[in-house]
Amino acid sequence: MIDVAVVDYGMGNLRSVEQALRKVAPNDKIIVSDDAGVIANARRVVFPGQGAMPDCMRELETRGLRNAVLEAARNKPFLGICIGLQMLFEHSTEGNVAGLGILRGEVVRFASDLRDAQGSRLKVPHMGWNRVHQISTPRPEVEDALAFSTAGGGKLDSGLAGTHPLWNGIGQNARFYFVHSYYVRPQDAALIQATSDYPQPFVCAVARDNLFGVQFHPEKSQTAGLKLLQNFVQWNP
Amino acid sequence: MLAKRIIPCLDVTAGRVVKGVSFVELRDAGDPVEIARRYDEQGADELTFLDITASSDDRGIIFRIIEQVASQVFIPLTVGGGVREVGDVRNLLNAGADKVSINTSAVLNPQLVADAAGRYGSQCIVVAIDAKQTGTGCWEVFTHGGRKATGLDAVKWAKKMQGLGAGEILLTSMDRDGQKNGFDLPLTRAVTDALEIPVIASGGVGNLQHLADGVKQGGADAVLAASIFHFGEYTVQQAKQFMATQGIEVRL
């Protein structure tokens, strides 16, 4: 049996994800696959993604992988990364395209005129290492303010590390590597597992049941990223 | 907040890391895989490999190096040098590169940048620009490792590359490369102010203050250096600690 299947729908490079999984789970059978049957039979599924969301959605359809991904997201440990997180939502303003609709909410672009506190221009894509504020306990009233406001302002940072098992052993505010121009706005604030700031808070990790999704790239985030992947391959939701 | 990145650059030829002065006089700096691991341990935010092999004979070497590095080092890897077609981009990504840097071929065939970004996403397409000052506030783009003038204005060219889908610009001052007297700050500032996408400053780092200046005065999103790290003058960690004391956000 396959321990971890990495969904290959022909977009970009999945080598990095595969290599990082091999590093944290040297005895597991890990396979990069575009075969719906392999994905259906794997114990865990990683759903990565790079490039533009309309292309990713189209390729997923063309290769007949939509149902396999939907099914996996329903019933086994499932990790969405970057566009793989974004595709879980209902809609993206990138190309005005529908996502898989597993999670309610939309995907929107960073504004093009962002400035930091010193007045320097913030570039898009948001590229590089940023701090990830893990959410410790759900606090719906504060989370609502964050999830619905593009202006942000809602700070969820209680100072406590996140309670989700995938944060196990990862320090609060640890830095992860990001490269993206769009981010998710979940409708249900209780899903939010982490935020990052650019310059306002945006959601960078969500979870529901057997599902976890991250905007950053754990496979490229050195120690903290490998720890998250290790937590994923050991996770039994 | 997002950290400013420090990127050690490894110029690779015949399977070795080398470093030259103004693109000539090469000096051996060691084994690329070993050096990559060392910088990773020191906290490098990314690594850039430039394949400066003149002939196409040794082309396969860079793929083997990237494969080896990518299986051991889990930070972003950029690879450039000799990228001529979309197939080259694919092969480098498959070998384990996260981003591919395009320089001369972008000038000869700008559509390559659009095609590669369209196929693999802007996030993995870096356009490298080698620029030389031609007057006050004027810089010209050079290609073929700095040997060929193009007549293109560096700032306008950078904007054009952004428009075609480049996700990032790697900007090297040929006047400063290997001179150790600091980045060309007016060039860096001119390009970074003109663009929405991140700019990596390169060429001329001789000490840690130069790195800080590239960010604070040049406005760079990332700073790239080679010889100060290769020959043991400073570690990446020392560079980050110094930048932090200057009030720059870094990943420590």
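Over which ring does the charged end of B:R119 sit? I looked this up in the predicted model and found the ring of B:Y120, with the charged end 5.3 Å from its centre.

**Entry 1: charges and rings**

I noted another case in chain B. The charged end of B:K132 sits over the ring of B:F142, at 4.8 Å from the ring centre.

**Entry 2: aromatic pairs**

I searched the whole structure for ring pairs and got 13 over all chains. I then took A:F47 and A:F78 as an example. Their ring centres are 5.8 Å apart and their planes stand at 50°, so I logged the pair as tilted. The cut-offs behind that call are under 30 degrees for stacked and over 60 for edge-to-face, with the rest tilted. A:F47 belongs to strand β3 (residues 44–47) and A:F78 to strand β4 (residues 78–81), both of chain A, so this pair ties together parts 31 residues apart in sequence. I checked exposure too: A:F47 and A:F78 are both buried.

I also followed ring pairs elsewhere in chain A. They link A:F110, A:F176, A:F178, A:Y183, A:Y198, A:F202 and A:F216 into a cluster.

**Entry 3: chain A overall**

I counted seven helices and 14 strands in chain A. Of its 237 residues, 61% are buried. I looked at contacts in chain A with a separation of 6 or more, and 75% of them are between residues 24 or more positions apart.

**Entry 4: backbone oddities in chain A**

Where are the cis peptide bonds I noted? One runs from A:V124 to A:P125, with omega near 10°. I placed A:P125 in the loop between β7 (105–109) and β8. Another joins A:Y198 and A:P199, with omega about -20°. A:P199 is in the loop between β12 (192–197) and β13 (201–208). A:Y198 is also one of the residues in the ring cluster of Entry 2.

I then looked at positive phi values outside glycine. A:C82 has a phi of about 60° and lies in the loop between β4 and α5 (83–86). A:N96 has a phi of about 50° and is found in the loop between β5 (91–92) and β6 (97–98). Buried or exposed? I recorded A:C82 as buried, at a relative accessible area of 5%. A:N96 is exposed, at 58% relative accessibility.

**Entry 5: the interface of chain A and chain B**

I listed the residues in contact and got 36 from chain A and 40 from chain B. The two chains bury about 3100 Å² between them, with 51% of it on carbon and sulfur atoms. Which three residues supply the most of the area that chain A buries? They are A:K123, A:M127 and A:W129, which give 23% of that area, more than any other three residues.

I ran the salt-bridge rule across the interface and it returned three. I noted the one in which the side chains of A:K123 and B:D221 meet, at 3.3 Å from N to O. My count of residue pairs in polar contact between the chains is 22, with both residues at pLDDT 80 or more.

I also asked which elements of chain A face chain B. α1 (15–24), β8 (126–131), β10 (175–180) and α7 (222–234) each supply at least two residues of the side that touches chain B. Of the elements in chain A, β8(A) gives the most to that side, with six residues.

Note on methods
Residues numbered from 1 in each chain as written. Chains lettered and ligands numbered in written order. Predicted model: local features only at pLDDT ≥ 70, side-chain atom pairs only at ≥ 80, totals over all residues. Heavy atoms only, no water. Phe/Tyr/Trp six-rings, centres within 6.5 Å; stacked < 30°, edge-to-face > 60°. Helix = DSSP H or I, 4+ residues; strand = E, 2+ residues; numbered from the N terminus. Buried < 20%, exposed > 50% of the residue type's maximum accessible area, 1.4 Å probe, protein only. Lys NZ or Arg CZ within 6 Å of the ring centre and 35° of its normal. Contact = heavy atoms within 4.5 Å. Buried area = accessible area lost by both parts, 1.4 Å probe. Salt bridge = Lys/Arg side-chain N within 4 Å of Asp/Glu carboxyl O. Polar contact = N/O pair within 3.5 Å; in protein donor to acceptor, adjacent residues only side chain to side chain.
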